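Here are my notes for you to read with the structure open beside them. Take the points one at a time and find each residue as you go.

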Amino acid sequence: MAVSQNGLIVDEMSEKIITVAERMAMTNGAHTVNVRKILLELGITNRVFYNRFRNVEDVLGVVYQKVSAQIRESAAWESTSEEDFFEHVTEMVADTLIRSYDLKKQFNQYIFENDSRSQSNYEWWMSAIKRMLTYAKEKAYIRADVDVDVLSYSLWCFWRGYNADAVGRGLPKEEAVKGCKYSFGILLDGLRATPAEG
């Protein structure tokens, strides 16, 4: 058994609480998860729960971090000279959408709201997108006049907003992926360097 910096217990029971909360959130939505339901599901007391978490938001925060980390895996971008930059980025965005469908489900609203508030998640995505755009600019794949900082934020908004809306509306996954690839492809086409630049 370990103790966290704030004096709370971190152990196998903590993991069980997180697992139950995650299942509840994914099945019925984060708004339906509460301490009482977790206690009933696991047959534990208030004391067992509150020795490990301050409240249900702490538990959902851990679930959010797990889901965010899995979605980030789709944006683990490494360049290779053999691949077409634009096709690779479009596939990466589509993979993020697919992971969103598979992971968010009823947890979508909670994820979307926390994506807006989580500075660390925002910074991770900004860094990943900037790294990708900087590489593309250095290789003259995209226009020389592209402002990487401004465009990174815009791409983050498109990427995140499209995912949240498609999942939230319950669009069929295949339809959403097809629309995302099409739209993102057009957006990327506007960034292509002209033959004179490339």
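1. Let's begin with the secondary structure. In this predicted model, the chain has 9 helices and 2 strands. Walk along the sequence and you meet the pattern β-β-α-α-α-α-α-α-α-α-α, with the two strands coming ahead of the helices.

2. Next, the overall dimensions. If you draw a box along the principal axes, the C-alpha atoms fill roughly 70 × 35 × 25 Å. The accessible surface comes to about 10,900 Å², and carbon and sulfur atoms account for 51% of that area. Of the 198 residues in the chain, 43% are buried.

3. How are the contacts spread along the sequence? Take the contacts between residues at least 6 apart in sequence: 72% of them join residues at least 24 apart. Keep that figure in mind when you get to the residue pairs further down.

4. A quick word on charge. The chain carries 24 positive and 28 negative charges. Average the positions of each set, and the two mean positions turn out to be 7 Å apart.

5. Now have a look at a pair of helices. Helix α5 covers residues 85-103 and helix α8 covers residues 148-169. Their axes come within 10 Å and cross at roughly 35 degrees, and the crossing is right-handed. On the α5 side, the contact is made by Met92, Val93, Thr96, Leu97, Ser100 and Tyr101. On the α8 side, look for Trp159, Tyr162, Asn163, Ala166 and Val167.

6. Stay on α5 for a moment, as Thr90 lies in this helix too. Is Thr90 buried or exposed? Its relative accessibility is 12%, so Thr90 counts as buried, the cut-off being under 20%. Leaving out residues up to four places away in sequence, Thr90 touches Lys181, Phe184, Gly185 and Leu188. Those four contact residues fall within helix α9, which spans residues 173-189.

7. Helix α1 runs over residues 12-28, and Met13 is in it. Which residues does Met13 contact, once neighbours within four places in sequence are set aside? They are Leu42, Ile44, Val48 and Arg52. Check Gly43 as well: Met13 and Gly43 are 30 residues apart in sequence and 11 Å apart in space, C-alpha to C-alpha.

8. Further along helix α1 you'll find Ala25. With 0% relative accessibility, Ala25 counts as buried. Try finding Tyr110 from there: Ala25 and Tyr110 are 85 residues apart in sequence and 9.0 Å apart in space, going from C-alpha to C-alpha.

9. Set that beside Glu174, which sits in helix α9. Why does Glu174 count as exposed? Its relative accessible area is 58%, and the cut-off for exposed is over 50%. Glu174 and Val146 are 28 residues apart in sequence, yet 32 Å apart in space, again C-alpha to C-alpha.

10. Last stop: the loop between α7 (119-138) and α8, where Ala140 is found. Ala140 has a positive phi of about 60 degrees, although it is not a glycine. Most residues other than glycine have a negative phi. As for accessibility, Ala140 has a relative accessible area of 24%, so it is partly exposed.

Conventions
Residues numbered from 1 in each chain as written. Predicted model: local features only at pLDDT ≥ 70, side-chain atom pairs only at ≥ 80, totals over all residues. Heavy atoms only, no water. Buried < 20%, exposed > 50% of the residue type's maximum accessible area, 1.4 Å probe, protein only. Contact = heavy atoms within 4.5 Å. Areas by Shrake-Rupley, 256 points an atom, 1.4 Å probe, with all protein chains shown as cover. Lys, Arg positive; Asp, Glu negative; His and termini not counted. Charge placed at Lys NZ, Arg CZ, Asp CG, Glu CD. Axes fitted to C-alpha atoms, helices over the stretch in contact; angles between N-to-C directions. Left-handed = near helix turned anticlockwise from the far one by under 90°.
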